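This briefing covers overall architecture, charge pairs, one loop position and backbone geometry. The topics follow in that order after an opening question.

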Amino acid sequence: MSTGAPTISELIAQERRLTLPRFGHDDAYALGGLLVALARERHAPVAIDIRRGAQQLFHAALPGSSADNDAWIDRKRRVVERYGESSYLVGTRFRAKGTTFEESSRLDLDTYAAHGGSFPLAVEGAGVIGSVTVSGLPQAEDHALVVEALEQFVTRART
């Protein structure tokens with residue numbers, strides 16, 4: 001990946017590369033634990049949410065996070081549910097058109113936020129089945145933390 005903000009093509013490539021062979025309750029717990037461990041190593045004040053469909057399979061709130069992070073999680077997660085792409089990619093697509101999600105999406109901004117940190121959980125042969133979301137860092141860092149965890153998780157899942 002280049003320095004600076006990732007491009008649309010880089011974000012799309014991440015999503016294609018991070019498709020899972022399967023995803024169940026135990027996988028959510030393992031991915032959540034991995035995210036918690038990475039966040040703790042960095043003393044990152046984040047909240048973490050993993051969902052399959054409407055069911056929350058994992059949630060953690062680390063020291064320094066707050067209820068505001070949970071509200072951001074909900075708003076970013078809804079963007080993934082609506083668009084089937086990461087919240088960062090959706091926001092980046094709007095910026096590439098010379099506008100912003102807030103200006104042009106025509107969606108309720110109290111309900112949706114196209115800020116980095118929510119990533120689709122896609123399963124081979126099934127498509128997007130849920131989301132993994134982090135909130136508490138600047139949006140590029142929230143997104144990067146999720147991608148780093150998913151890269152490790154996918155590697156383990158395929159071995």
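Is Arg106 buried or exposed? Arg106 counts as exposed, because its relative accessibility is 81% and the class begins over 50%. The model under discussion is predicted. Its chain has six helices and four strands, and the sections below describe the fold, the salt bridges, the surroundings of Gly84 and two residues with positive phi.

**Overall architecture**

- Read from the start of the sequence, the secondary structure elements follow the pattern α-α-β-β-α-α-α-β-β-α.
- The radius of gyration is 14 Å, which agrees with the value near 15 Å that a compact globule of 159 residues would have.
- The C-alpha trace extends over about 40 × 35 × 35 Å along its principal axes.
- Of the 159 residues, 48% are buried.
- Among contacts between residues at least 6 apart in sequence, 67% join residues at least 24 apart.
- The accessible surface amounts to about 7800 Å², and carbon and sulfur atoms contribute 50% of that area.

**Charges and salt bridges**

- The protein carries 18 positive and 20 negative charges, and the mean positions of these two sets are 4 Å apart.
- The count of salt bridges comes to seven.
- One of them joins the side chains of Arg42 and Glu148, with an N to O distance of 2.8 Å. This pair links distant parts of the chain, 106 residues apart: Arg42 belongs to the loop between helix 2 (25-41) and strand 1 (47-52), and Glu148 to helix 6 (residues 139-157).
- Both partners of that bridge are partly exposed: Arg42 has a relative accessible area of 41%, and Glu148 has one of 25%.
- A further salt bridge, at 3.1 Å from N to O, is formed by the side chains of Arg77 and Asp74. Both residues lie in helix 3, three residues apart, which is about one turn of the helix.
- Arg77 counts as buried because its relative accessibility of 8% falls under 20%, whereas Asp74, at 25%, counts as partly exposed.
- The side chains of Asp142 and Lys76 also meet in a salt bridge, with N to O at 3.0 Å. Here, too, distant parts of the chain are linked: Asp142 is in helix 6 and Lys76 in helix 3, 66 residues apart.
- Asp142 is buried, with a relative accessible area of 2%, and Lys76 counts as buried at 2% relative accessibility.
- Asp74, Arg77 and Glu81 are joined into one network by salt bridges that share partners.

**Gly84 and Glu15**

- Gly84 is located in the loop between helix 3 (67-83) and helix 4 (87-96).
- With a relative accessibility of 28%, Gly84 is classed as partly exposed, because this value lies between 20% and 50%.
- Which residues does Gly84 contact, leaving aside its neighbours within four places in sequence? They are Glu15, Val79, Pro120 and Val128.
- The C-alpha atoms of Gly84 and Ala122 are 9.1 Å apart in space, while the two residues are 38 apart in sequence.
- Glu15, one of the contacts of Gly84, is found in helix 1 (residues 8-17).
- Apart from neighbours within four places in sequence, Glu15 is in contact with Gly84, Glu85, Ser86, Leu89, Phe119 and Pro120. Pro120 is thus listed for Glu15 and also for Gly84.
- Glu15 is buried yet has no salt bridge. The nearest side chain of opposite charge is that of Arg93, 6.8 Å away.

**Residues with positive phi**

- Most residues other than glycine have a negative phi.
- His43, although not a glycine, has a positive phi of about 55°. His43 is in the loop between helix 2 and strand 1, and its relative accessible area of 71% makes this residue exposed.
- Arg106 is likewise a residue other than glycine with a positive phi, near 65°. Arg106 lies in the loop between helix 5 (101-104) and strand 3 (118-123), and its relative accessibility of 81% places it in the exposed class.

Methods:
Residues numbered from 1 in each chain as written. Predicted model: local features only at pLDDT ≥ 70, side-chain atom pairs only at ≥ 80, totals over all residues. Heavy atoms only, no water. Buried < 20%, exposed > 50% of the residue type's maximum accessible area, 1.4 Å probe, protein only. Contact = heavy atoms within 4.5 Å. Rg over C-alpha atoms; globule rule 2.2 N^0.38 Å. Areas by Shrake-Rupley, 256 points an atom, 1.4 Å probe, with all protein chains shown as cover. Lys, Arg positive; Asp, Glu negative; His and termini not counted. Charge placed at Lys NZ, Arg CZ, Asp CG, Glu CD. Salt bridge = Lys/Arg side-chain N within 4 Å of Asp/Glu carboxyl O.
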